[in-house]
Amino acid sequence: MTDFFQDAPLRVAGREFASRLLVGTGKYRDFDETGEAIAASGAEVVTFAVRRTNLGQDAAAPNLLDVISPERYTLLPNTAGCYTAQDAVRTCRLARELLDGHNLVKLEVLGDDATLYPNVVETLAAAETLVEDGFDVMVYTSDDPIVARELERIGCCAVMPLGSLIGSGHGIQNPYNLRLIIEQAGVPVLVDAGIGTASEAAQAMELGCDGVLMNSAIAHARQPVLMASAMKQAVQAGREAFLAGRMPRRQGADPSSPLAGRINA
Amino acid sequence: MQIQLNGEARTLEAEASVAQLVESLGLAGRRIAVEVNEEIVPRSAHGETRLSDGDRVEIVHAIGGG
């Protein structure tokens, strides 16, 4: 933040983060670009996916976890590509084993390929199982405030509604629903999915979101590292604007310079 | 014996432990996680966990994602 203002950290399940921008690691050209963009974003929480190991690959081939080392970043394995609660729970358990017991996960259970819209029925079921199994669950969901409330009641440590479809770059389609979710939530609310450019990240924060999670907006920018820097500043700017409180809107104009003392008065 | 390894049939010449399978694949010491028949096999148990005919083995790692 600025040199005269110190924001409270983002608190998720007892962990504290100075950065309110969380980033993914997909769609980059190579691991070098991944590492540079993540560094430029200032993110402390970094998501990744869990997939079958390519058998017969070069044993010396670089590994994503060498680029985003668990010593430097808080890793957030996701369940992307899971369409049932059962697959999502299995994936989380594999991730926990992969990371030597690290229990923070991003749960997402998808409905179909065309929309990647969350299947909230399966998401709720998976969340129940995972929370019971000791996971700290940050959950991707729709912008339905009732579902968000249920996920919090189950014990999810952060609720992450979409701004618009994953990878669409359509920004925040329903700011009024996000406001409803934010106003009722007792856990952090992060916009996850849909952000396309810096102003949309700032908008999410101005609405009162606690953070923003994004991947494509950075990775698919023409210059990902520069966009990562833009997003870092946008999230900070939006956060400060939210805390500062915007001026009231008014119907007519209101001069900034005083009317008294004009030479033509 | 035959197992399903990451969704594909694979024949093992002799009885093997999870650790031996991982070693034979050149994955020893790599950041991976192993599941046999949908149950996690913790790293600490790779040596003592014997594979059986028909076992379904998954070996996963981290890749880029959002």
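This report walks through the two chains of a predicted model and one annotated lysine.

## Ground rules

Residues count from 1 along each chain as its sequence is written, with chains lettered from A and ligands numbered from 1 in the order they are written. Because the model is predicted, local features need pLDDT of at least 70 and side-chain atom pairs count only at pLDDT 80 or more, while totals for chains, interfaces and linings use all residues; side-chain values use heavy atoms, leaving out hydrogens and water.

## Chain A

Chain A carries nine helices and ten strands (DSSP runs numbered from the N terminus: H or I of at least four residues for helices, E of at least two for strands). Its C-alpha atoms fill a box of roughly 85 × 40 × 35 Å along the principal axes. The radius of gyration is 20 Å, which agrees with the value near 18 Å for a compact globule of 265 residues (taken over C-alpha atoms; the rule is 2.2 Å times the number of residues to the power 0.38).

Of those 265 residues, 49% are buried (under 20% relative accessible area, with a 1.4 Å probe and protein chains only). Take the contacts (heavy atoms within 4.5 Å) in chain A with a separation of 6 or more: 66% of them link residues 24 or more positions apart. As for charge, chain A has 22 positive and 33 negative side chains, with the centres of the two sets 6 Å apart. Here Lys and Arg are positive, Asp and Glu negative, and His and the chain ends are skipped; each charge sits at NZ of Lys, CZ of Arg, CG of Asp or CD of Glu.

## Chain B

Chain B has one helix and five strands, running β-β-α-β-β-β from the N terminus. Its C-alpha trace spans about 40 × 25 × 20 Å, and its radius of gyration of 12 Å agrees with the value near 11 Å for a compact globule of 66 residues.

Buried residues come to 44% of the 66 in chain B. There are 6 positive and 11 negative side chains, and the centres of the two sets lie 9 Å apart.

## The annotated lysine

An unreviewed UniProt entry lists Lys106(A) under "active site"; such annotations may be inferred rather than shown by experiment. Lys106(A) belongs to strand E6 (residues 104-107) of chain A, and counts as buried because its relative accessibility is 3%.

Leaving aside residues up to four places away in sequence, Lys106(A) touches a set of residues including Thr47(A), Tyr140(A) and Asp192(A). Gly66(B) is also among its contacts, so to speak a handshake with chain B.

How values were computed. Buried < 20%, exposed > 50% of the residue type's maximum accessible area, 1.4 Å probe, protein only.
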